[in-house]
Amino acid sequence: MRIAIASDHAATDLKALLADWLRGEGHEVADLGTHGPESVDYPDYGYRLADAVANGSADKGVALCGSGIGISISVNRNPACRCALVSEPLSAKLAREHNDANVIAMGARLTGIDMAKACVTAFLTTDFAGDRHARRVDKLSHPPVLENSQ
């Protein structure tokens with residue numbers, strides 16, 4: 001599987017560990033940065049990751065920052081992406097099964113390497129359930145245009 005991974009400065013260590021582990025598991029990994037401890041803006045890396053998933057150069061994405069919150073918000077600005085902030089394997093599994101998430105986000109200050117690997121494993125090995133969930137997921141990528149109620 002082609003996996004894009006990106007982080008801000010707070011998560012470079014976790015990103016490097018996960019990228020190496022994913023390569024060892026046989027995945028093709030695109031490390032989209034950042035690569036050092038110098039302060040950077042997480043939206044830049046979230047947008048970069050979202051573009052890789054949206055344009056098809058990556059099948060799935062892993063987004064990391066200190067808490068996982070900021071980078072998940074930036075990834076979700078792209079309507080082709082459904083990024084779920086996860087902290088344990090069940091949420092990662094449900095994000096795939098019910099929401100067809102194509103990106104997961106985690107916080108490096110909150111999630112250790114073993115838990116992060118468990119989340120990524122659940123995310124990558126779970127299929128979308130489809131059925132009643134498909135209608136809901138379609139609405140995530142195609143929000144309605146609401147008329148001004150004034």
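This report describes the fold, the salt bridges and the surface patches of one protein chain. The structure is a predicted model.

**Overall architecture**

The chain contains six helices and five strands. Read from the N terminus, these elements follow the order β-α-β-α-β-α-β-α-β-α-α. The chain has a radius of gyration of 15 Å, close to the 15 Å that the globule rule gives for 150 residues, so it is as compact as a globular protein of that length. Along the principal axes, the C-alpha atoms occupy a box of roughly 50 × 35 × 30 Å. Buried residues make up 46% of the 150 residues of the chain.

**Salt bridges**

Side chains of opposite charge can pair when their charged atoms come close. In this model the count comes to six salt bridges. Three of them are listed here with the separation of their N and O atoms.

| Basic residue | Acidic residue | N to O distance |
|---|---|---|
| Arg23 | Asp20 | 3.5 Å |
| Arg82 | Asp100 | 3.3 Å |
| Lys93 | Glu97 | 2.7 Å |

Arg23 and Asp20 belong to helix α1, which covers residues 12–24. Because they are three residues apart in that helix, about one helical turn separates them. Arg23 has a relative accessibility of 38% and counts as partly exposed. Asp20, with a relative accessibility of 52%, counts as exposed, the limit for that class being over 50%.

Lys93 and Glu97 are likewise placed within one helix, in this case α4, where they stand four residues apart, about one turn of the helix. Lys93 is partly exposed, its relative accessible area being 32%.

The salt bridge of Arg82 and Asp100 joins two loops. Arg82 is located in the loop between α3 (69–75) and β4 (83–85), while Asp100 is located in the loop between α4 (89–99) and β5 (103–107). The pair therefore ties together parts that are 18 residues apart in sequence. Arg82 has a relative accessible area of 16%, which means that it is buried, as this value is under 20%. Arg82 and Asp100 also belong to one network with Arg96, joined by salt bridges that share partners.

**The loop between α3 and β4**

The loop that holds Arg82 also contains Ala80. Ala80 counts as partly exposed, at 34% relative accessibility. What is the separation of the C-alpha atoms of Ala80 and Ala50? These atoms are 7.9 Å apart, although the two residues stand 30 residues apart along the chain.

**Surface patches**

Two patches on the surface are described here, one nonpolar and one of positive charge. The nonpolar patch has an area of about 260 Å² and is made by Ile69, Ile73 and Leu85. Ile69 is part of helix α3. Its relative accessible area is 45%, and Ile69 is accordingly partly exposed.

Which residues gather in the patch of positive charge? They are Arg132, Arg135, Arg136 and Lys139. Of these, Arg135 lies in helix α6, which spans residues 132–141.

**Summary**

In this predicted model, a chain of six helices and five strands has salt bridges within helix α1 and within helix α4. A further salt bridge, that of Arg82 and Asp100, links two loops. On the surface, Ile69, Ile73 and Leu85 form a nonpolar patch, and Arg132, Arg135, Arg136 and Lys139 form a patch of positive charge.

Key:
Residues numbered from 1 in each chain as written. Predicted model: local features only at pLDDT ≥ 70, side-chain atom pairs only at ≥ 80, totals over all residues. Heavy atoms only, no water. Patch = residues over 30% accessible without salt bridge, like charges linked within 9 Å, V, L, I, M, F, W, Y side chains within 5 Å. Areas by Shrake-Rupley, 256 points an atom, 1.4 Å probe, with all protein chains shown as cover. Salt bridge = Lys/Arg side-chain N within 4 Å of Asp/Glu carboxyl O. Lys, Arg positive; Asp, Glu negative; His and termini not counted. Charge placed at Lys NZ, Arg CZ, Asp CG, Glu CD. Rg over C-alpha atoms; globule rule 2.2 N^0.38 Å. Buried < 20%, exposed > 50% of the residue type's maximum accessible area, 1.4 Å probe, protein only.
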